[in-house]
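Got the model open in your viewer? Let's walk through it stop by stop.

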Amino acid sequence: NPPIVTPPPGVLAVTRTITGQSVSFDMPDMAYDSDHDRLYVVKDTSIAVIDNASIATGNASARILSTTIAGPIVSISLDASNNELYVSNGASGIFVFGSISTASGSIAPIRTITITRGNAPIVPSRIFLDTTNSVLYAELHVGNGSVTDSIAAFSNPHALPVGPVSLSVS
């Protein structure tokens, strides 16, 4: 390991980098499981899982989880205590993958959440899960998906039934 250099105030020092195929391409989002030292990195339509992330360096090995959802993943949020990963592709919904800490290969969602207003679908883009208060926040887009309309908050998302779920906003 390289020596740790104390930078001047206000400057962050890079102490190591993770490189290689598992973290190349477009990486719009990441989630970290601090209890298990596991980093989830979005890679187009798949997710690279890097175990022992706090010591990973260089061309770190990773499990690649390929999803069954269409389009690139734009946002993820981890619920480590329920072993679930929430994923948004910014086009068709929020997908919840279960048993995420041990998942491998091709994975399918246990829940697919669509959001509607009236009869019209609303496109969720970025998502954030507040695991302390059990609230899922979703940035909602209208029209062609380029204009943020609102941010919706849904309580107890882990209690939703397995399978397709439709949530309505006003």
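How many of the 170 residues of the protein chain, as a percentage, count as buried? The figure is 42%, with buried meaning under 20% relative accessible area, exposed over 50% and partly exposed in between (1.4 Å probe, protein chains only). Before you click on anything: this is a predicted model, where local features need pLDDT of at least 70 and side-chain atom pairs count only at pLDDT 80 or more, while totals for chains, interfaces and linings use all residues. Residues are numbered from 1 along each chain as its sequence is written, and side-chain values use heavy atoms, with hydrogens and water left out.

Switch to cartoon view. You'll find 15 strands and zero helices; these are DSSP runs numbered from the N terminus, at least two residues of E for a strand and at least four of H or I for a helix.

Now select strands 2, 3, 4, 6 and 10. They make an open sheet in the order 2-3-4-6-10, with mixed pairing (two strands pair if DSSP finds at least two bridges between them). At the edges sit strand 2 (30-33) and strand 10 (105-107), each pairing on one side only. Zoom in on strand 2 and strand 3 (residues 38-43): they run antiparallel over four bridges, and Met-30 has Val-41 of strand 3 as its bridge partner.

Next stop, strand 7 (residues 75-79). Five of its five residues are buried. Ser-75, Ser-77 and Asp-79 lie on one side and Ile-76 and Leu-78 on the other, so both faces are covered. In a regular strand, side chains alternate between the two faces of the sheet.

Add strand 8 (residues 84-88), which pairs with strand 7 in the antiparallel sense over five bridges. Ile-76 has Val-87 as its bridge partner there. The hairpin has four residues between the strands, and Asn-83 takes a positive phi near 55 degrees.

From Ser-77, jump to Phe-128 in strand 12 (residues 120-130). Their C-alpha atoms are separated by 5.5 Å, though the two are 51 residues apart along the chain. Leaving aside neighbours within four places in sequence, Phe-128 is in contact (heavy atoms within 4.5 Å) with Ser-77, Val-135, Leu-136 and Tyr-137.

Finish at Tyr-137, in strand 13 (residues 135-142). Is Tyr-137 buried, partly exposed or exposed? Tyr-137 counts as partly exposed because its relative accessibility is 33%.
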